[in-house]
Amino acid sequence: MRRAAPLALAALAVLAAALPWLLQALGLDFYLSLANRIVVAAIAATSLNLVLGYGGLVSFGHAAFVGLGAYATAILVSEGVTSGWAHLGATLLVAGVAALVIGAISLRTRGVYFIMITLAFAQMLFYLANSTKGYGGDEGLNIRARSVLGAGTFAVDLKNPVVCYETALVVLALVLAAVARFVPSRFGRAVLAIRDDDVRAEALGFPTYRLKLVLFVVAGMLGGVAGALAVNQQGYVSPNVLHWTQSGTFMVMVILGGVASVWGGVIGAAVLLLLQEVLGAWTEYWAFWTGWVLLAVVLFARRGLAGLLSAR
Amino acid sequence: MLVLEQALNGLQFGLMLFLLAAGLTLVFGVMDMINLAHGSLYMVGAFVAAWIAGRTGSFALGVAGGVVLTGLFGVVLEAGLLRTLYARDHLSQVLATFALILILNDGVKFVFGTDLPLSAPAAFEGPVELLPGLSYPSYRLLILGVGIVLAVLLWLLVQKTRLGALVRAGASNRTMATAMGVDIPKLFTIVFGIGAALCAVAGAFLGPLLAVQVGMGENILILAFVVIVIGGIGSIRGALVGAILVGCVDTLGRTALQHAFRAFLPPQWASAAGPAVASIAVYVFMAVVLAFRPQGLFPARG
């Protein structure tokens, strides 16, 4: 599999990039929005995998950062700011600062308490979003315009679904490339050492707390970018993006796809959303059957779907 | 007077939270198992109770049926699935019990529909005058009574019976308890069944106040987790204290903060910010407790 990888990867990238036109040729344009949702969820899940998989930190509040990115973008758009770079800057700033504060406090705890405290912070933001009267409150916020990158003839307007999809795809590719480089890097190896035995890592002289915090902040910022892209795709944001079940869904994607695997988040997001789509077309009770599939994965595929693939 | 009424409401909500948290804290503390599906048992209990009450016209029969059937369901669930998850890591437990939420939400929707009506028994419809000038809904008093009785019974069960001694032994040191000959798996099937039955009590009694609908377990589950983290994971006493504290912070926060905000904010802002800040207050409270007592108020393991 190692040898074939670059070729397969190139083929996958071309296929993914050409998807909008393929769908159009087949008369299936409708599925572009599904593809877009998968790409955005894959970015969010991959960013969570950094913390959850590589860092071994079970963060139950990743929806907080995704939601903050979504709200930062939606609020700027509704205030008349359409510059995509401004949206990106605001998203990175808001999600990054939030991750810095939440991480600085949460990383002092461990185990179950870390799970609960990250969850608690996400819940606070959920209720905060519910009370944003000026920006939709619990009903959510519709935006008419979208992020526009650049200006003039070369302006990239994410209002066009194909442009939005391709932009998200580029971001996903960048994120995956960054994660693939991160794993064998000094930083990556230090993070793995901390995950496997943080007392030993500390004894070896690694600033464990600071490294974990950096990882947490980077993951939060990437999660925020996923949220900003999600708003562009849907044109809508509501407090539900911050609900704990959303954090749970991202976790499920990571665990389903493969913890601490570069492609884990992508596989998990794709499988879960495709499962919803396929089962949803067939029965009203798609969640019921999705649940059984997830249970089967827990009981029979202990390292997630990516683990199944690489075991061959 | 209003404060007193709200304090009673807080106590009543706290006691119901305690019924949820009691089972959750034992499973979490003794088996080190994260059970996200605990809220689903609360939902199942409420639906079964509402269905039976609707069929028979008797609230009491509904509660009894809901408690017995949900307890049995808990036993089957534990022995059939959850037991295999105890030895797995937290991530597998999260995935499996999240899957259970999906299955149970849709399963309940398939069997009962998305919601069922459940009203308080006719005998407890009107208010009661507690003190001159303070009338209080009699149904809420009933909940208060039920909650106190069950809390006392549970305390007796844990502190005074052989079963309770075994549970406490398991909670403080599972390996040692096993070495002393305690059949921990069997013990835990029983404990889980009791926990499920207590969920059904809370679901049935809160049903007329909060509505019996699919997804009702999701928000209260998180509150129950907050309760056991504040109280100390694995401690029944901690769950009781934590539940009453959370119930009071939530309920009093809702009204007291609303009043405070009204004093210096425009009314539309006050009515929006009040509930949000009260909901947030519970989590801030948890963060503060953890900052000073990282193991919770009553750590089960010394």
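Axes here are lines fitted to C-alpha atoms, for helices over the stretch in contact, and angles run from 0 to 180 degrees between N-to-C directions. Helices (H or I, at least four residues) are DSSP runs, numbered from the N terminus. The model is predicted: local features need pLDDT of at least 70, side-chain atom pairs count only at pLDDT 80 or more, and totals for chains, interfaces and linings use all residues. Residues are numbered from 1 along each chain as its sequence is written, with chains lettered from A and ligands numbered from 1 in the order in which they are written.

**Exercise 1.** Work out how α7(A) and α9(A) pack.

Step 1. Helix α7 (residues 186-196) of chain A meets helix α9 (residues 208-234) of chain A at about 115°, and their axes are 10 Å apart. So α7(A) is roughly perpendicular to α9(A) (the class runs from 65 to 115 degrees).

Step 2. Now pick out the residues in contact (C-beta atoms, placed from the backbone, within 7 Å). From α7(A) you get Ala190(A), Val191(A) and Ile194(A), and from α9(A) Thr208(A), Leu211(A), Lys212(A) and Leu215(A).

Step 3. Sort them: five nonpolar, one polar and one charged. (Ala, Val, Leu, Ile, Met, Phe, Trp, Tyr, Cys and Pro count as nonpolar, Asp, Glu, Lys and Arg as charged, and the others, Gly among them, as polar.)

**Exercise 2.** Do the same across the chains, for α12(A) and α4(B).

Step 1. Helix α12 (residues 286-300) of chain A packs on helix α4 (residues 90-112) of chain B at about 155°, with axes 7 Å apart. That makes the pair roughly antiparallel (over 145 degrees).

Step 2. On the α12(A) side, look for residues including Phe288(A), Trp292(A) and Leu295(A); on α4(B), Leu95(B), Ala99(B) and Ile103(B) are among them.

Step 3. By class, this contact has twelve nonpolar, five polar and one charged residues.

**Exercise 3.** Which element of chain B gives the most to the side that touches chain A?

Step 1. The contact takes 33 residues from chain B and 33 from chain A.

Step 2. On chain B, the elements giving two or more residues are α4, α9 (216-231) and α11 (267-292). The winner is α4(B), with 15 residues.

Step 3. That side of chain B divides into 25 nonpolar, six polar and two charged residues.

**Exercise 4.** What does Val226(B) touch beyond its neighbours within four places in sequence?

Solution. Val226(B) is in contact with Ala120(A), as well as Val246(B), Val282(B), Tyr283(B) and Met286(B).

Definitions and conventions:
Angles under 35 degrees count as roughly parallel, over 145 as roughly antiparallel, 65 to 115 as roughly perpendicular and the rest as oblique. Two residues are in contact if their C-beta atoms, placed from the backbone, lie within 7 Å.
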